[in-house]
Amino acid sequence: MDQEQQSILLESASRFPPQKGVKLSYGTAGFRADASVLSAAVFRVGILAALRSLKTQSVTGVMITASHNQVSDNGVKIVDPSGGMLTQEWEPFADALVNAVDAEELVRLVIAFQEKEKIAFARTQSAGILLGRDTRPSGDFLLEAAKQGINSIVGAVASDMGILTTPQLHWMVQMRNKGKMASESDYYEQLSSSFRCLLDLIPKEATTYKIEKNLVVDGANGVGGEKLEFLKKSLNDLVIEVRNSGKKDEGILNDGVGADFVQKEKVAPRGFGPDDIGTRCASLDGDADRLVYFCLKSKNGNEIDLIDGDKILSLFALFIKEQLSILNKEENEEKNGYHVTLGVVQTAYANGASTDYLKKQGLEVVFTPTGVKYLHEKASHYDIGIYFEANGHGTILLSESFTNLLEVKNNELASIAKGSEQHRAALRLLALSKLINQAVGDALSGLLLVEAIFQHMGWSIQVWMDLYHDLPSKQLKVKVADRKSIVTANAETVVIRPSGLQEAINSETAKFPRGRAFVRPSGTEDVVRVYAEATTQEAADSLANSVAQRVANFCTA
Ligand code: NG1
Ligand code: ZN
């Protein structure tokens, strides 16, 4: 690194001194904390995104959001050139950079890393970084910090894409690097045209039930509500009412609203009441990368039937399986010489009943630790990989070779069997591959896919809810001195440290038939999360409480 670059870096880093005593780590979703302590971290992430862009000679992204956290928090994460999360190999450097005590240490770290990674600095523009942020008030000054971090690397150019959902930014980075149209209006166009295409392919005779075309969506008072208001204008076959849309007088971001609240508390969000009984409802989270559905069930309260990520996954898996079997009809594997691998990826938070159901459908189910970076990676090993967290974050990945095969098949069928069910199945899978955001879980694209499949199946919401019945479950958070003192293994199902805690959890679990419990440190909040499942709600609550107590005892000892 030349002298000029060093002094630019030193000068600009001195303008963003880190808050004393604040230590951050790149968790399940980047860095998150109270917005007031984040400027230095966001500035430094700007530097990191620029280095990543220089190293890969591709576009990267910086997203400023704290998703479902309270409005006073914020966060920052890097979008890798693939459109996914930052490569895990760079996470230790991200931690070191963000926690450097002063500008001098920061410059030393950058020089050492640059040499190790052989990153060439260039005077001409050679790095492009897209910036996005959600609707949090702190997003403005944090975006400025990110820009200054990027500008302190010679040759790096920041493009401010404005207020976006997290998945929109991931999609833009992915599309830019594929050399495809990547603006926000291209995003809406791709979603609405592939949605329309799926509706046009619905078998006319299939509908046994008159589909309710009305859908009410809780926008978490965040960016997703605002974007959905826009997207819905181009959807003729769906009547969407957006509540908690983020308009000033409607309420506070994530406060009693949003997918995280609905999924964890299992109650309706603010703004929903008895008049909504019988209506299909959905909820997005604060940055619109999670989606859950729900139905109000009580006249005098806010009790709901929840349709979580596991059930959305099940719907997607059934549809894809059906299309694959139509496509392969009359053809055995030897004949077409291609065996399509279809895999489902879940985490330990997946309800046990969903896993049982998926396996009974003959699907291959595998588990990873919490965090989309793990699920996404695993799903990418299949021709079609479907991954979902119970909280509603997930997507479908179709391998390039499978997509190419579909294109070939589509052309072939168009000439020999145009309009046949087989041809239509190929067209449906191709439309699905465009509708679903393959960069990352996306509540808006997921919602349209659910709605399209729903109309295709001709189902009532009750049929969906009755696919299987969730085992009662309970989640709790425990505050401890150091959440990292808990170390887990086997996709977070077993605690290996502190020693003795797993045995304690086992002895609590053994008291309940079909009991299951696990604990892990959160990657986004300073808490240990406890999950418990059993055959009754009382048993799940009681198991969660006793495990939480054990955690508290072990972690203060
Ligand atoms: P943590 O805080 O690590 O549990 C939460 C979610 C993850 C993931 C991330 C990122 C739960 C139990 N955990 O992570 O699944 O979505 O946020 O947003 O829902
Ligand atoms: Zn989110």
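Donors, in what follows, are N, O and S atoms within 2.8 Å of the metal (3.2 Å for Na, K and Ca), and since water is not among the atoms, sites may look incomplete. By that rule the zinc ion (ligand 2) has as its protein donors Ser67 (OG), Asp285 (OD), Asp287 (OD) and Asp289 (OD), which lie 2.0 to 2.1 Å from it. This is a predicted model, in which local features need pLDDT of at least 70 and side-chain atom pairs count only at pLDDT 80 or more, while totals for chains, interfaces and linings use all residues. Residues are numbered from 1 along each chain as its sequence is written, chains are lettered from A and ligands numbered from 1 in the order in which they are written, and side-chain values use heavy atoms, with hydrogens and water left out.

**Zinc site**

- The arrangement around the zinc ion (ligand 2) is irregular because its four donor atoms subtend angles of 85 to 173 degrees, whereas four donors count as tetrahedral if all angles lie between 85 and 135 degrees, and four count as square planar and six as octahedral if opposite donors are over 155 degrees apart and all others between 65 and 115, anything else being irregular.
- Along the sequence, the donor residues of the zinc ion (ligand 2) follow the spacing S-x217-D-x1-D-x1-D.
- Distant parts of the chain are linked by the pair of serine 67, in the loop between strand S2 (59–64) and strand S3 (73–79), and aspartate 287, in the loop between strand S8 (280–284) and strand S9 (291–296), the two being 220 residues apart; helices (H or I, at least four residues) and strands (E, at least two) are DSSP runs, numbered from the N terminus.
- Serine 67 is buried at a relative accessible area of 2%, and aspartate 287 is buried at 0%, where buried means under 20%, exposed over 50% and partly exposed in between (1.4 Å probe, protein chains only).

**Cavities**

- On a 1 Å grid over the protein atoms alone, a cavity is a set of points where a 1.4 Å probe fits but cannot get out, a pocket is an open set with protein on both sides within 12 Å along at least five of seven lines, and lining residues have an atom within 4 Å of a point.
- There are three cavities of 30 Å³ or more, and the largest holds about 370 Å³ of space, a volume being the space filled by probe spheres set on the points, which are joined across faces, edges and corners.
- The largest cavity is lined by 27 residues, with His68, Arg290, Thr370, Glu389 and Asn391 nearest its centre, and helix H9 (residues 259–265) provides the largest share of that lining, three residues.
- By class, the lining of the largest cavity has five nonpolar, 13 polar and nine charged residues, where Ala, Val, Leu, Ile, Met, Phe, Trp, Tyr, Cys and Pro count as nonpolar, Asp, Glu, Lys and Arg as charged, and the others, Gly among them, as polar.
- The second largest cavity, with about 70 Å³ of space, has a lining of seven nonpolar, two polar and no charged residues.

**Pockets**

- The largest pocket has a volume of about 1,100 Å³, and of its 50 lining residues the closest to its centre are Gln263, Lys264, Glu265, Lys266 and Leu306.
- H9 gives the most to the lining of the largest pocket, with six residues, and the lining divides into 17 nonpolar, 14 polar and 19 charged residues.
- The second largest pocket holds about 950 Å³ of space, and H13 supplies the largest share of its lining, five residues.
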